[in-house]
Amino acid sequence: MTDERRTIGTKGAAGRGSRGGSPSSGARSLVAKTPASGKPVRKAAAPAEPAEPAETPAAATKAADTKAAKKAVSAGAATTTKTTPGATKPATGPAAAKKAASSKRATGASAKRPASSRSTAGGSRLRAVTEEDAAAAAAAAAEEAARETRTASGRATLPGLPVEDIVLAVAQAAQRVLGSDWEHRLALTFAALRKRLTGDFEVDEFGFDPQLTEILIAAVEPLAETWFRLEVRGAENIPTDGGALLVANHSGTVPLDGVMTGYAVKKYSGRDLRPLGADLVFALPFVGQMARRAGATLACTQDAERLLGTGEIAGVWPEGFKGIGKPFAERYKLQRFGRGGFVSSALRAQVPIVPVSIVGAEEIYPLVGNVPSLARLLGLPYLPVTPFFPLLGPLGMIPLPSKWIIEFGEPIRTDAYEPDAADDPMLLFNVTDQVRETIQQTLYRLLVDRGNAFF
(Lines give C-alpha, C1' and ligand atoms only; values in the text may rest on other atoms or scores of the structure.)
Protein backbone atom coordinates (compact mmCIF):
# COMPACT_ATOMS: atom_id res chain seq x y z
CA MET A 1 0.00 0.00 0.00
CA THR A 2 1.39 3.25 -1.07
CA ASP A 3 1.38 6.27 1.33
CA GLU A 4 -0.28 9.09 -0.49
CA ARG A 5 0.19 11.75 2.23
CA ARG A 6 2.27 14.78 1.29
CA THR A 7 4.22 16.69 3.89
CA ILE A 8 5.03 20.38 3.57
CA GLY A 9 8.65 20.92 2.60
CA THR A 10 9.30 17.33 1.38
CA LYS A 11 8.88 18.20 -2.27
CA GLY A 12 6.26 15.44 -2.64
CA ALA A 13 8.30 12.67 -1.03
CA ALA A 14 7.38 11.09 2.23
CA GLY A 15 9.90 10.96 5.05
CA ARG A 16 12.10 13.44 7.01
CA GLY A 17 12.34 15.83 4.11
CA SER A 18 15.29 17.72 2.78
CA ARG A 19 17.16 20.51 4.62
CA GLY A 20 16.09 23.09 2.15
CA GLY A 21 12.41 22.22 2.37
CA SER A 22 12.00 21.54 6.08
CA PRO A 23 9.60 23.72 8.14
CA SER A 24 12.41 25.03 10.36
CA SER A 25 14.39 26.11 7.34
CA GLY A 26 11.41 27.89 5.94
CA ALA A 27 10.81 29.73 9.19
CA ARG A 28 14.42 30.84 9.28
CA SER A 29 14.23 32.05 5.73
CA LEU A 30 11.17 34.12 6.53
CA VAL A 31 12.51 35.66 9.72
CA ALA A 32 16.20 36.10 8.99
CA LYS A 33 15.71 36.46 5.25
CA THR A 34 18.30 33.80 4.46
CA PRO A 35 18.33 32.29 0.98
CA ALA A 36 16.83 28.90 0.41
CA SER A 37 20.25 27.45 -0.03
CA GLY A 38 20.73 27.74 3.74
CA LYS A 39 23.91 29.89 3.56
CA PRO A 40 23.89 32.46 6.39
CA VAL A 41 24.21 36.12 5.58
CA ARG A 42 27.19 37.73 7.21
CA LYS A 43 26.37 40.83 9.24
CA ALA A 44 28.56 43.87 8.87
CA ALA A 45 30.74 44.47 11.89
CA ALA A 46 29.77 47.56 13.88
CA PRO A 47 32.38 50.31 13.70
CA ALA A 48 34.46 50.77 16.83
CA GLU A 49 33.28 53.70 18.92
CA PRO A 50 35.91 56.27 19.87
CA ALA A 51 37.00 56.34 23.46
CA GLU A 52 35.04 58.88 25.42
CA PRO A 53 36.82 61.31 27.71
CA ALA A 54 36.52 61.04 31.45
CA GLU A 55 33.15 62.23 32.58
CA THR A 56 32.51 64.63 35.41
CA PRO A 57 30.29 63.47 38.32
CA ALA A 58 27.38 65.53 36.98
CA ALA A 59 27.79 64.16 33.43
CA ALA A 60 28.03 60.60 34.77
CA THR A 61 24.79 61.11 36.69
CA LYS A 62 23.06 62.41 33.55
CA ALA A 63 24.35 59.43 31.51
CA ALA A 64 23.10 56.98 34.14
CA ASP A 65 19.67 58.63 34.10
CA THR A 66 19.55 58.48 30.28
CA LYS A 67 20.58 54.81 30.26
CA ALA A 68 17.94 53.97 32.85
CA ALA A 69 15.31 55.75 30.75
CA LYS A 70 16.37 53.81 27.62
CA LYS A 71 16.15 50.53 29.50
CA ALA A 72 12.69 51.42 30.72
CA VAL A 73 11.61 52.31 27.18
CA SER A 74 13.10 49.07 25.83
CA ALA A 75 11.32 47.04 28.48
CA GLY A 76 8.03 48.80 27.70
CA ALA A 77 8.49 48.25 23.96
CA ALA A 78 9.28 44.62 24.48
CA THR A 79 6.02 44.07 26.32
CA THR A 80 3.88 45.60 23.61
CA THR A 81 1.88 43.20 21.45
CA LYS A 82 0.65 43.53 17.93
CA THR A 83 -3.04 42.70 17.46
CA THR A 84 -4.75 42.04 14.21
CA PRO A 85 -8.47 42.15 13.53
CA GLY A 86 -10.15 38.83 13.57
CA ALA A 87 -7.48 37.03 15.57
CA THR A 88 -9.06 34.71 18.10
CA LYS A 89 -6.05 33.06 19.74
CA PRO A 90 -2.33 33.25 19.50
CA ALA A 91 -0.49 30.90 17.21
CA THR A 92 1.27 27.91 18.75
CA GLY A 93 3.93 25.58 17.61
CA PRO A 94 7.66 25.66 16.92
CA ALA A 95 7.36 28.02 13.99
CA ALA A 96 5.31 30.53 16.03
CA ALA A 97 7.82 30.46 18.88
CA LYS A 98 10.74 31.20 16.54
CA LYS A 99 8.76 33.96 14.86
CA ALA A 100 7.99 35.53 18.23
CA ALA A 101 11.67 35.44 19.21
CA SER A 102 12.66 37.08 15.94
CA SER A 103 10.00 39.73 16.43
CA LYS A 104 11.30 40.43 19.96
CA ARG A 105 14.85 40.95 18.68
CA ALA A 106 13.63 43.32 16.00
CA THR A 107 11.59 45.31 18.55
CA GLY A 108 14.59 45.62 20.91
CA ALA A 109 16.77 46.87 18.07
CA SER A 110 14.19 49.47 17.13
CA ALA A 111 14.03 50.63 20.74
CA LYS A 112 17.76 51.45 20.65
CA ARG A 113 17.25 53.88 17.78
CA PRO A 114 16.28 57.50 18.48
CA ALA A 115 12.66 58.16 19.25
CA SER A 116 12.23 60.16 16.02
CA SER A 117 13.12 57.11 13.90
CA ARG A 118 11.05 54.54 15.74
CA SER A 119 8.02 53.12 13.90
CA THR A 120 4.64 53.45 15.57
CA ALA A 121 2.82 51.28 13.06
CA GLY A 122 0.59 48.54 14.39
CA GLY A 123 -0.44 50.55 17.49
CA SER A 124 2.89 50.33 19.45
CA ARG A 125 2.93 52.45 22.67
CA LEU A 126 6.07 53.54 24.66
CA ARG A 127 6.11 53.78 28.46
CA ALA A 128 6.60 57.31 29.78
CA VAL A 129 9.57 58.23 32.03
CA THR A 130 8.71 57.62 35.68
CA GLU A 131 8.77 60.22 38.47
CA GLU A 132 11.91 58.61 39.95
CA ASP A 133 13.79 59.19 36.67
CA ALA A 134 12.66 62.82 36.57
CA ALA A 135 13.69 63.38 40.21
CA ALA A 136 17.15 61.90 39.59
CA ALA A 137 17.64 64.11 36.53
CA ALA A 138 16.54 67.20 38.48
CA ALA A 139 18.97 66.40 41.31
CA ALA A 140 21.81 66.00 38.84
CA ALA A 141 20.99 69.35 37.24
CA ALA A 142 20.87 71.06 40.66
CA GLU A 143 24.28 69.63 41.57
CA GLU A 144 25.76 70.87 38.32
CA ALA A 145 24.34 74.36 38.88
CA ALA A 146 25.69 74.48 42.43
CA ARG A 147 29.15 73.43 41.22
CA GLU A 148 29.17 76.17 38.58
CA THR A 149 28.07 78.73 41.19
CA ARG A 150 30.91 77.76 43.54
CA THR A 151 33.40 78.02 40.72
CA ALA A 152 32.11 81.46 39.71
CA SER A 153 32.27 82.78 43.29
CA GLY A 154 35.97 81.90 43.56
CA ARG A 155 35.76 79.25 46.29
CA ALA A 156 36.83 76.49 43.93
CA THR A 157 39.80 78.38 42.48
CA LEU A 158 42.03 77.01 45.28
CA PRO A 159 41.02 73.39 45.97
CA GLY A 160 41.22 72.49 49.64
CA LEU A 161 41.73 76.11 50.82
CA PRO A 162 38.75 77.99 52.33
CA VAL A 163 39.58 81.37 50.82
CA GLU A 164 36.67 83.25 52.38
CA ASP A 165 37.44 81.89 55.86
CA ILE A 166 41.10 82.91 55.56
CA VAL A 167 40.18 86.45 54.45
CA LEU A 168 37.71 86.77 57.34
CA ALA A 169 40.31 85.60 59.87
CA VAL A 170 42.86 88.12 58.56
CA ALA A 171 40.30 90.94 58.77
CA GLN A 172 39.41 90.02 62.35
CA ALA A 173 43.08 89.88 63.35
CA ALA A 174 43.71 93.30 61.78
CA GLN A 175 40.71 94.74 63.61
CA ARG A 176 41.93 93.32 66.93
CA VAL A 177 45.48 94.63 66.52
CA LEU A 178 44.88 97.91 64.68
CA GLY A 179 41.45 98.84 66.08
CA SER A 180 37.92 99.01 64.73
CA ASP A 181 38.75 101.80 62.26
CA TRP A 182 41.82 100.06 60.85
CA GLU A 183 40.58 100.33 57.27
CA HIS A 184 40.23 104.13 57.51
CA ARG A 185 43.65 104.59 59.12
CA LEU A 186 45.26 102.24 56.63
CA ALA A 187 43.79 104.27 53.79
CA LEU A 188 45.16 107.49 55.32
CA THR A 189 48.58 105.88 55.66
CA PHE A 190 48.66 104.86 52.00
CA ALA A 191 47.49 108.34 51.00
CA ALA A 192 50.34 109.90 52.97
CA LEU A 193 52.84 107.53 51.39
CA ARG A 194 51.56 108.43 47.94
CA LYS A 195 52.08 112.13 48.69
CA ARG A 196 55.60 111.45 49.85
CA LEU A 197 56.42 109.59 46.67
CA THR A 198 55.24 112.58 44.65
CA GLY A 199 57.22 115.03 46.83
CA ASP A 200 54.09 116.75 48.18
CA PHE A 201 55.29 117.39 51.77
CA GLU A 202 56.97 120.13 53.80
CA VAL A 203 59.47 120.29 56.67
CA ASP A 204 60.19 123.13 59.09
CA GLU A 205 63.54 124.70 59.95
CA PHE A 206 64.36 121.84 62.37
CA GLY A 207 63.61 119.13 59.79
CA PHE A 208 60.24 118.18 61.30
CA ASP A 209 57.96 116.30 58.86
CA PRO A 210 54.30 116.24 60.04
CA GLN A 211 53.19 113.70 57.42
CA LEU A 212 55.89 111.23 58.39
CA THR A 213 54.95 111.71 62.04
CA GLU A 214 51.37 110.69 61.24
CA ILE A 215 52.61 107.49 59.66
CA LEU A 216 54.87 106.71 62.63
CA ILE A 217 52.04 107.33 65.09
CA ALA A 218 49.81 104.90 63.19
CA ALA A 219 52.60 102.30 63.26
CA VAL A 220 53.24 102.76 66.99
CA GLU A 221 49.57 102.48 67.99
CA PRO A 222 49.36 98.64 67.96
CA LEU A 223 52.54 98.47 70.06
CA ALA A 224 51.21 100.93 72.61
CA GLU A 225 47.59 99.80 72.85
CA THR A 226 47.83 96.04 72.32
CA TRP A 227 51.36 95.03 73.38
CA PHE A 228 52.01 97.47 76.24
CA ARG A 229 48.33 98.07 77.14
CA LEU A 230 49.13 101.73 77.70
CA GLU A 231 47.09 103.67 80.27
CA VAL A 232 47.27 107.47 80.21
CA ARG A 233 46.37 109.59 83.22
CA GLY A 234 46.19 113.36 83.58
CA ALA A 235 45.87 114.06 79.86
CA GLU A 236 43.96 117.23 80.74
CA ASN A 237 47.20 118.70 82.09
CA ILE A 238 48.68 118.84 78.57
CA PRO A 239 48.29 122.46 77.35
CA THR A 240 46.00 122.72 74.34
CA ASP A 241 47.80 125.79 73.02
CA GLY A 242 51.02 127.68 73.65
CA GLY A 243 54.41 126.31 74.60
CA ALA A 244 55.13 123.82 77.38
CA LEU A 245 58.06 121.72 78.59
CA LEU A 246 57.40 118.06 79.45
CA VAL A 247 59.98 116.54 81.85
CA ALA A 248 59.94 112.75 82.26
CA ASN A 249 61.95 109.91 83.79
CA HIS A 250 64.12 107.81 81.46
CA SER A 251 64.56 104.03 81.50
CA GLY A 252 64.25 100.83 79.52
CA THR A 253 67.72 100.17 77.98
CA VAL A 254 66.25 101.33 74.64
CA PRO A 255 64.52 104.77 74.71
CA LEU A 256 61.02 103.56 73.82
CA ASP A 257 59.57 105.70 76.60
CA GLY A 258 60.15 108.80 74.48
CA VAL A 259 58.21 107.23 71.60
CA MET A 260 55.31 106.26 73.87
CA THR A 261 55.20 109.75 75.38
CA GLY A 262 54.98 111.32 71.94
CA TYR A 263 52.19 108.91 71.02
CA ALA A 264 50.21 109.78 74.16
CA VAL A 265 50.57 113.53 73.56
CA LYS A 266 49.43 113.19 69.94
CA LYS A 267 46.48 110.95 70.77
CA TYR A 268 45.05 112.87 73.74
CA SER A 269 45.87 116.47 72.81
CA GLY A 270 46.29 116.37 69.03
CA ARG A 271 49.63 118.15 69.29
CA ASP A 272 53.12 117.08 68.26
CA LEU A 273 55.82 116.47 70.85
CA ARG A 274 59.25 117.89 69.97
CA PRO A 275 61.82 115.76 71.84
CA LEU A 276 65.21 117.16 72.91
CA GLY A 277 67.81 114.43 72.28
CA ALA A 278 71.49 113.88 73.05
CA ASP A 279 74.23 114.36 70.50
CA LEU A 280 74.72 110.60 70.08
CA VAL A 281 71.17 110.20 68.71
CA PHE A 282 71.88 112.48 65.77
CA ALA A 283 75.32 111.01 65.14
CA LEU A 284 73.88 107.63 64.18
CA PRO A 285 73.40 107.25 60.38
CA PHE A 286 69.73 106.28 60.10
CA VAL A 287 68.44 107.05 63.59
CA GLY A 288 69.52 110.68 63.45
CA GLN A 289 67.63 111.37 60.19
CA MET A 290 64.46 109.69 61.44
CA ALA A 291 64.68 111.59 64.73
CA ARG A 292 64.89 114.89 62.84
CA ARG A 293 61.90 113.99 60.67
CA ALA A 294 59.94 112.99 63.79
CA GLY A 295 60.47 116.45 65.32
CA ALA A 296 63.49 115.89 67.58
CA THR A 297 66.29 118.38 67.94
CA LEU A 298 69.46 118.83 70.01
CA ALA A 299 69.06 119.16 73.75
CA CYS A 300 70.73 122.55 73.86
CA THR A 301 69.52 125.84 75.32
CA GLN A 302 69.23 127.61 71.95
CA ASP A 303 67.06 124.98 70.24
CA ALA A 304 64.92 124.50 73.35
CA GLU A 305 64.18 128.21 73.68
CA ARG A 306 63.37 128.53 69.98
CA LEU A 307 60.88 125.67 70.14
CA LEU A 308 59.24 126.91 73.32
CA GLY A 309 59.17 130.49 72.07
CA THR A 310 57.19 129.45 68.95
CA GLY A 311 54.51 127.72 71.04
CA GLU A 312 55.66 124.11 70.63
CA ILE A 313 55.53 121.33 73.22
CA ALA A 314 59.08 120.16 73.95
CA GLY A 315 60.03 117.02 75.83
CA VAL A 316 63.17 116.36 77.84
CA TRP A 317 64.49 113.34 79.79
CA PRO A 318 67.10 114.81 82.18
CA GLU A 319 68.51 111.43 83.33
CA GLY A 320 69.94 110.82 79.86
CA PHE A 321 72.00 107.67 79.30
CA LYS A 322 72.39 107.23 83.06
CA GLY A 323 68.67 106.53 83.24
CA ILE A 324 68.23 104.06 80.39
CA GLY A 325 71.53 102.28 81.23
CA LYS A 326 70.99 101.67 84.95
CA PRO A 327 70.77 98.04 86.17
CA PHE A 328 67.45 96.33 86.68
CA ALA A 329 68.06 96.22 90.43
CA GLU A 330 67.87 100.05 90.51
CA ARG A 331 64.65 100.30 88.50
CA TYR A 332 62.40 103.30 89.13
CA LYS A 333 65.08 105.07 91.17
CA LEU A 334 65.68 108.40 89.49
CA GLN A 335 69.24 109.44 88.68
CA ARG A 336 70.58 112.97 88.92
CA PHE A 337 68.70 115.52 86.78
CA GLY A 338 71.76 117.52 85.79
CA ARG A 339 72.31 121.20 86.46
CA GLY A 340 68.79 122.34 85.68
CA GLY A 341 69.29 123.51 82.12
CA PHE A 342 65.70 122.61 81.18
CA VAL A 343 64.40 124.85 83.97
CA SER A 344 66.45 127.74 82.62
CA SER A 345 64.92 127.32 79.15
CA ALA A 346 61.38 127.20 80.59
CA LEU A 347 61.98 130.35 82.66
CA ARG A 348 63.30 132.28 79.69
CA ALA A 349 60.38 131.21 77.47
CA GLN A 350 57.84 131.71 80.31
CA VAL A 351 56.17 128.32 79.69
CA PRO A 352 54.89 125.79 82.27
CA ILE A 353 56.80 122.64 83.23
CA VAL A 354 54.70 119.43 83.18
CA PRO A 355 56.15 116.49 85.20
CA VAL A 356 55.63 113.14 83.41
CA SER A 357 55.92 109.79 85.22
CA ILE A 358 56.34 106.62 83.14
CA VAL A 359 55.89 103.11 84.57
CA GLY A 360 56.47 100.01 82.43
CA ALA A 361 59.64 100.85 80.50
CA GLU A 362 61.95 99.28 83.10
CA GLU A 363 60.65 95.75 82.34
CA ILE A 364 60.83 95.64 78.54
CA TYR A 365 64.61 94.95 78.50
CA PRO A 366 65.80 94.02 82.01
CA LEU A 367 69.44 95.11 82.07
CA VAL A 368 71.49 92.51 83.94
CA GLY A 369 74.95 93.28 82.61
CA ASN A 370 77.16 95.52 80.53
CA VAL A 371 80.30 95.16 78.37
CA PRO A 372 82.18 98.47 78.82
CA SER A 373 85.25 97.61 76.70
CA LEU A 374 83.18 96.60 73.69
CA ALA A 375 80.91 99.60 74.23
CA ARG A 376 83.90 102.00 74.07
CA LEU A 377 85.12 100.26 70.95
CA LEU A 378 81.76 100.82 69.25
CA GLY A 379 81.45 104.38 70.57
CA LEU A 380 78.38 103.59 72.70
CA PRO A 381 77.75 104.68 76.30
CA TYR A 382 77.04 101.05 77.25
CA LEU A 383 76.43 97.65 75.65
CA PRO A 384 73.43 96.03 77.36
CA VAL A 385 73.16 92.36 78.31
CA THR A 386 69.63 91.16 79.03
CA PRO A 387 68.23 87.69 79.84
CA PHE A 388 67.41 87.26 76.14
CA PHE A 389 70.06 89.36 74.35
CA PRO A 390 72.47 88.44 72.89
CA LEU A 391 71.60 84.84 73.84
CA LEU A 392 68.58 84.65 71.47
CA GLY A 393 70.02 86.93 68.82
CA PRO A 394 67.42 89.09 67.04
CA LEU A 395 64.60 87.50 69.04
CA GLY A 396 66.13 88.99 72.17
CA MET A 397 65.40 92.47 70.81
CA ILE A 398 61.63 91.96 71.09
CA PRO A 399 60.42 93.99 74.10
CA LEU A 400 58.59 92.15 76.85
CA PRO A 401 54.84 92.95 77.07
CA SER A 402 54.82 94.91 80.33
CA LYS A 403 51.89 97.11 81.35
CA TRP A 404 52.53 100.82 80.94
CA ILE A 405 51.11 103.84 82.78
CA ILE A 406 51.95 107.42 81.80
CA GLU A 407 50.72 110.18 84.07
CA PHE A 408 50.95 113.90 83.24
CA GLY A 409 51.17 115.84 86.47
CA GLU A 410 49.95 119.33 87.27
CA PRO A 411 51.94 122.03 85.46
CA ILE A 412 54.49 124.00 87.43
CA ARG A 413 54.14 127.66 86.46
CA THR A 414 57.22 129.68 85.63
CA ASP A 415 55.57 132.91 84.59
CA ALA A 416 55.58 134.01 88.22
CA TYR A 417 59.31 134.67 87.83
CA GLU A 418 61.07 137.14 85.63
CA PRO A 419 63.00 135.81 82.61
CA ASP A 420 66.21 137.06 84.22
CA ALA A 421 65.62 134.61 87.07
CA ALA A 422 67.04 131.90 84.80
CA ASP A 423 70.50 133.12 85.85
CA ASP A 424 69.87 132.37 89.54
CA PRO A 425 71.48 128.96 90.29
CA MET A 426 69.66 128.53 93.59
CA LEU A 427 66.27 129.01 91.93
CA LEU A 428 67.20 126.54 89.19
CA PHE A 429 68.23 123.97 91.81
CA ASN A 430 64.99 124.37 93.79
CA VAL A 431 62.72 124.04 90.75
CA THR A 432 64.72 121.08 89.43
CA ASP A 433 64.47 119.30 92.78
CA GLN A 434 60.74 120.02 92.93
CA VAL A 435 60.20 118.43 89.52
CA ARG A 436 62.36 115.40 90.34
CA GLU A 437 60.63 114.75 93.67
CA THR A 438 57.20 115.03 92.06
CA ILE A 439 58.07 112.42 89.46
CA GLN A 440 59.66 110.07 92.04
CA GLN A 441 56.66 110.08 94.36
CA THR A 442 54.31 109.58 91.44
CA LEU A 443 56.32 106.55 90.28
CA TYR A 444 55.95 104.88 93.68
CA ARG A 445 52.20 105.43 93.63
CA LEU A 446 51.80 104.16 90.07
CA LEU A 447 53.78 101.00 90.88
CA VAL A 448 51.31 100.21 93.65
CA ASP A 449 48.34 100.87 91.34
CA ARG A 450 49.73 98.72 88.53
CA GLY A 451 50.55 95.64 90.62
CA ASN A 452 52.08 92.85 88.52
CA ALA A 453 54.19 94.13 85.66
CA PHE A 454 52.85 91.66 83.08
CA PHE A 455 49.44 90.45 84.26
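## Glycine 340

Not counting residues up to four places away in sequence, glycine 340 touches Leu428 and Thr432. The model is a predicted one. Glycine 340 sits in the loop between helix H12 (321-324) and H13. Its relative accessibility is 1%, so glycine 340 counts as buried, the cut-off being under 20%.

Along the chain, glycine 340 and leucine 427 are 87 residues apart, yet their C-alpha atoms are 9.5 Å apart in space.

## Phenylalanine 342

Phenylalanine 342 belongs to helix H13. Phenylalanine 342 counts as buried because its relative accessibility is 9%. Leaving aside neighbours within four places in sequence, phenylalanine 342 is in contact with Leu245, Val247, Val316, Pro318, Phe337 and Thr432. Thr432 is also touched by glycine 340.

A further pair is formed by phenylalanine 342 and leucine 246, which are 96 residues apart in sequence. In space, 9.6 Å separates the C-alpha atoms of phenylalanine 342 and leucine 246.

## Packing of H13 on H15

Helix H13 covers residues 341-349 and helix H15 covers residues 425-450. The two pack at an angle of about 105 degrees, and their axes are 9 Å apart. H13 is therefore roughly perpendicular to H15, a term that applies to angles of 65 to 115 degrees. On the H13 side, the contact is made by Phe342, Val343, Ser344 and Leu347. H15 contributes Leu427, Leu428, Val431 and Thr432.

## Helix H7

Helix H7 runs over residues 210-227. Its 18 residues should span 26 Å at 1.5 Å a residue, and its end C-alpha atoms are 25 Å apart, so the two values agree. H7 has a kink of about 35 degrees at valine 220, shortly before the proline at position 222. Both Val220 and Pro222 are among the buried residues of H7. The others in that list are Leu212, Thr213, Ile215, Ile217 and Ala224.

At the N-terminal end, H7 is capped by aspartate 209. A side-chain oxygen of aspartate 209 lies 3.3 Å from the backbone nitrogen of glutamine 211. After H7 comes arginine 229, with a positive phi near 50 degrees.

## Helix H8

Helix H8 consists of 14 residues, 256-269. From its first C-alpha to its last, H8 reaches 20 Å, close to the 20 Å expected at 1.5 Å a residue. Ten of the 14 residues are buried, so H8 is largely enclosed by the rest of the structure. These are Leu256, Asp257, Gly258, Met260, Thr261, Gly262, Tyr263, Ala264, Val265 and Lys266. Charged residues appear in this list, namely Asp257 and Lys266.

The buried residues of H8 pack against H7 and against five strands: S1 (231-233), S2 (244-248), S3 (273-277), S6 (353-359) and S9 (405-408). Glycine 270 follows H8 and has a positive phi near 75 degrees.

## The chain as a whole

The chain has 455 residues, and 32% of them count as buried. It holds 15 helices and nine strands. Among contacts in the chain with a separation of 6 or more, 75% are between residues 24 or more positions apart.

Technical notes
Residues are numbered from 1 along each chain as its sequence is written. This is a predicted model: local features need pLDDT of at least 70, side-chain atom pairs count only at pLDDT 80 or more; totals for chains, interfaces and linings use all residues. Side-chain values use heavy atoms; hydrogens and water are left out. Helices (H or I, at least four residues) and strands (E, at least two) are DSSP runs, numbered from the N terminus. The expected span of a helix is 1.5 Å times one less than its number of residues. The bend at a residue is the angle between axes fitted to the seven residues ending there and the seven starting there. Buried means under 20% relative accessible area, exposed over 50%, partly exposed in between (1.4 Å probe, protein chains only). A polar contact is a pair of N or O atoms within 3.5 Å; within protein, one must be able to donate a hydrogen and the other to accept it, and residues adjacent in sequence count only if both atoms are side-chain atoms. Axes are lines fitted to C-alpha atoms, for helices over the stretch in contact, and angles run from 0 to 180 degrees between N-to-C directions. Angles under 35 degrees count as roughly parallel, over 145 as roughly antiparallel, 65 to 115 as roughly perpendicular and the rest as oblique. Contact means heavy atoms within 4.5 Å.
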